[in-house]
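Here is a short set of exercises to work through with the structure open beside you. Try each task before you read its solution.

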Amino acid sequence: MALYAKAAEILEKVERKQATVKTLVYDSKFQNIKQLFALVCETQKFSSILQEIIESTKLLKQTKIKMNLAKVLVYDLVIGKGLKCGGAWKALMMKHRSRLQAALARMKIKQKVSRNQDLLSSSLQHPEGDQLPRYVRVNTLKTTVEDAIDYFKREGFSYLGQAYRLDDLNLKGKSFVGDLHLSDLLVFSPKTDFHDHNLYKAGHIILQDKASCLPAYLLNPPTGSHVLDACAAPGNKTSHLAAIMKNKGRLFAFDLDAKRLSTMSTLLLRAGVTCQQLANQDFLKVDPDGPQYKDVEYILLDPSCSGSGMVCLRDEASPSQKEQDKRRLQALAAFQLHCLNHALRFPRLQRLVYSTCSIHTEENEQVVAACLLQNPGFRLVPLLQQWPERGLAPLTKCLRASTTKTLTHGFFVALLERHTAQRLEEQASETLNLVAEMSPSSPSTSKDIHEADITEGGDEVQEPISTKDMDMAEEANPTEENTETSGMKKRKKKKDGDKEVLEHKITEEQTNTSGRAKKKKNAKVE
């Protein structure tokens with residue numbers, strides 16, 4: 001019984017993005033690690049098939065057990081080698097065995113296959129995750145990259161130097177390289193296992209996918225700064241931030257789930273992090289004007305998402321699941337936008353990284369576009385020009401990651417930066433130029449962006465975010481590098497009416513700015 005209870009618990013944690021399957025299995029300290037790992041992986045692989053069997057037989061209603069527990073029990077009963085437990089659960093499941101087997105048989109007849117394995121999609125029969133490199137982040141709070149390389153070489157691994165192309169990450173055997181983008185990342189061949197390695201147990205290395213390392217790396221808070229990790233657990237990004245800050249400054253980390261926060265505390269202790277201040281609190285209820293956050297200038301926001309970019313969570317959804325997923329995406333997008341807007345309220349915030357492990361536009365570009373339209377004081381910052389996969393047009397300053405183009409799990413990252421007062425004044429003029437010249441009948445610049453309703457806090461339903469809206473958001477927030485070019489392009493002939501409106505708006509903006517400057521001056525005198 002303990003085997004199935006622990007397997008169900010791990011599946012639930014994986015769905016909540018707490019950690020990878022392998023990490024959770026090894027950290028569980030279960031007596032038979034291999035048996036537990038095999039059961040979790042196989043159940044996960046057949047997840048959609050098992051769910052369809054369970055739903056068609058109404059097993060949950062009749063047994064009163066939860067879905068993940070039902071999945072691991074049904075897997076062993078009708079697909080695996082039989083239940084490995086006795087007692088109440090076995091007696092309960094044996095009552096329904098014939099109906100469950102009949103449901104599986106009907107699925108095979110319908111799909112015209114004879115083997116259970118043939119019910120799986122080709123992507124699940126040959127998982128992409130098995131082909132991804134093993135990424136190892138060196139924890140610079142405890143060691144150096146050079147020392148870690150020397151340690152692995154003494155163990156018989158062959159160091160091939162720094163990678164310069166993506167193809168250099170296709171490794172075999174005991175070869176490894178330094179990553180071509182992140183200096184503290186080492187890359188090994190797929191399936192190289194370090195969960196029992198001394199460096200991992202001592203916190204000298206962190207097993208973290210390369211895409212997951214991007215948010216902290218791109219936020220890059222300076223030593224001694226005040227940083228906020230909004231949805232922090234399980235803590236790999238938090239420990240990465242602490243390493244970048246050299247453990248100096250203050251690192252506020254929030255998570256609503258007490259168990260996740262407890263796990264995170266253990267991870268940070270092992271990693272040697274000392275600058276953290278953990279809080280079991282809903283980030284949306286944190287007061288941005290609280291005195292303890294008055295010096296927060298950097299925020300990492302990696303909110304709850306669909307997890308659709310995680311290779312281990314991908315499966316073939318049934319029609320009913322697809323409809324549920326659509327509704328769930330809308331709810332997640334609303335929550336993510338709410339979090340993003342809330343984070344931008346911190347008064348001294350200068351830079352914010354927004355990231356998800358999702359491949360869905362609704363959670364990525366559309367959320368960022370809506371946020372930019374609602375927060376004109378922030379702009380997108382172009383990221384890693386050499387990165388092989390960009391955000392969908394027009395938000396190409398953002399980054400995407402995927403198994404095929406970057407050899408990582410699916411991911412999305414955007415970096416938002418606050419404008420200075422002078423830049424805001426210039427933006428008023430430039431934005432009016434851009435908006436005035438945008439024709440309502442102009443064609444969309446990309447067919448990749450789909451409309452989706454995004455609600456904030458589940459209350460007010462906003463207008464669908466269209467490609468035109470995203471264009472406007474991007475053009476309303478140009479980078480400093482392209483401001484001059486953009487201005488030259490837009491210095492065309494305008495109608496007299498447009499000129500008058502533009503002059504009036506600029507004058508009004510200058511008056512407001514001047515007023516704010518006078519208030520500041522008077523405040524200083526007082």
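Helix axes are lines fitted to C-alpha atoms over the stretch in contact, and angles run from 0 to 180 degrees between N-to-C directions. Please keep in mind that this is a predicted model.

**Exercise 1. Describe how helix 13 packs against helix 14.**

Solution.
- Step 1: start with the geometry. The axes of helix 13 and helix 14 (residues 258-271) lie 9 Å apart, at an angle of about 35 degrees. The crossing of helix 13 with helix 14 is right-handed.
- Step 2: find the residues that touch. Helix 13 contributes Asn236, Thr238 and Ser239, while helix 14 contributes Met264, Leu267, Leu268 and Ala271.
- Step 3: sort them by character. The contact has 4 nonpolar residues, 3 polar ones and no charged ones.

**Exercise 2. How many residues of helix 13 are buried, and which are they?**

Solution.
- Step 1: apply the cut-off. A residue is buried if its relative accessible area is under 20%.
- Step 2: count. In helix 13, 9 of its 9 residues are buried, which leaves the helix mostly covered.
- Step 3: name them. The list runs Asn236, Lys237, Thr238, Ser239, His240, Leu241, Ala242, Ala243 and Ile244.

**Exercise 3. Follow the chain around helix 13 and look for unusual backbone angles.**

Solution.
- Step 1: begin ahead of the helix. Pro234 sits in the loop between strand 6 (226-229) and helix 13 (236-244). The peptide bond that joins Ala233 to Pro234 is cis, with omega near 10 degrees.
- Step 2: move past the helix. Lys246 follows helix 13 and has a positive phi, near 60 degrees. Asn247, in the loop between helix 13 and strand 7 (250-254), has phi near 65 degrees, a positive value in a residue other than glycine.
- Step 3: look at the strands on either side of this stretch. Strand 6 and strand 7 are paired in the parallel sense over 4 bridges, and Val227 stands opposite Leu251 in strand 7. Strand 7 is largely enclosed by the rest of the structure, because 4 of its 5 residues are buried.

**Exercise 4. What is the strand order of the open sheet of 5 strands, and which strands stand at its edges?**

Solution.
- Step 1: read the order. It is 2-3-4-1-5, with mixed pairing.
- Step 2: find the edges. Strand 2 (158-162) and strand 5 (205-207) each have a single partner strand, so one side of each is left without a neighbour in the sheet.
- Step 3: add the twist, which averages 30 degrees from one strand to the next.
- Step 4: check one pair. Strand 3 (residues 175-178) and strand 4 (residues 185-188) run antiparallel and are joined by 3 bridges; here Gly178 stands opposite Leu186 in strand 4.

**Exercise 5. Examine the loop between strand 11 and strand 12.**

Solution.
- Step 1: Leu384 lies in this loop. Although Leu384 is not a glycine, its phi is positive, about 35 degrees.
- Step 2: Leu384 is buried, with a relative accessible area of 16%.
- Step 3: Pro394 belongs to the loop between strand 11 (378-380) and strand 12 (399-401). The bond from Ala393 to Pro394 is cis, with omega near 5 degrees.

**Exercise 6. How many disulfides does the structure hold?**

Solution.
- Step 1: use the cut-off. A disulfide needs two cysteine sulfur atoms within 2.5 Å.
- Step 2: count. The structure holds 0 disulfides. For Cys357, the nearest cysteine sulfur is that of Cys305, 3.5 Å away.
- Step 3: check burial. Cys357 is buried at 4% relative accessible area, and Cys398 is buried at 1%.

How values were computed. Residues are numbered from 1 along each chain as its sequence is written. This is a predicted model: local features need pLDDT of at least 70, side-chain atom pairs count only at pLDDT 80 or more; totals for chains, interfaces and linings use all residues. Side-chain values use heavy atoms; hydrogens and water are left out. Helices (H or I, at least four residues) and strands (E, at least two) are DSSP runs, numbered from the N terminus. Buried means under 20% relative accessible area, exposed over 50%, partly exposed in between (1.4 Å probe, protein chains only). A crossing is left-handed if the near helix is turned anticlockwise from the far one by less than a right angle, and right-handed if clockwise. Contact means heavy atoms within 4.5 Å. Ala, Val, Leu, Ile, Met, Phe, Trp, Tyr, Cys and Pro count as nonpolar, Asp, Glu, Lys and Arg as charged, and the others, Gly among them, as polar. Two strands pair if DSSP finds at least two bridges between them.
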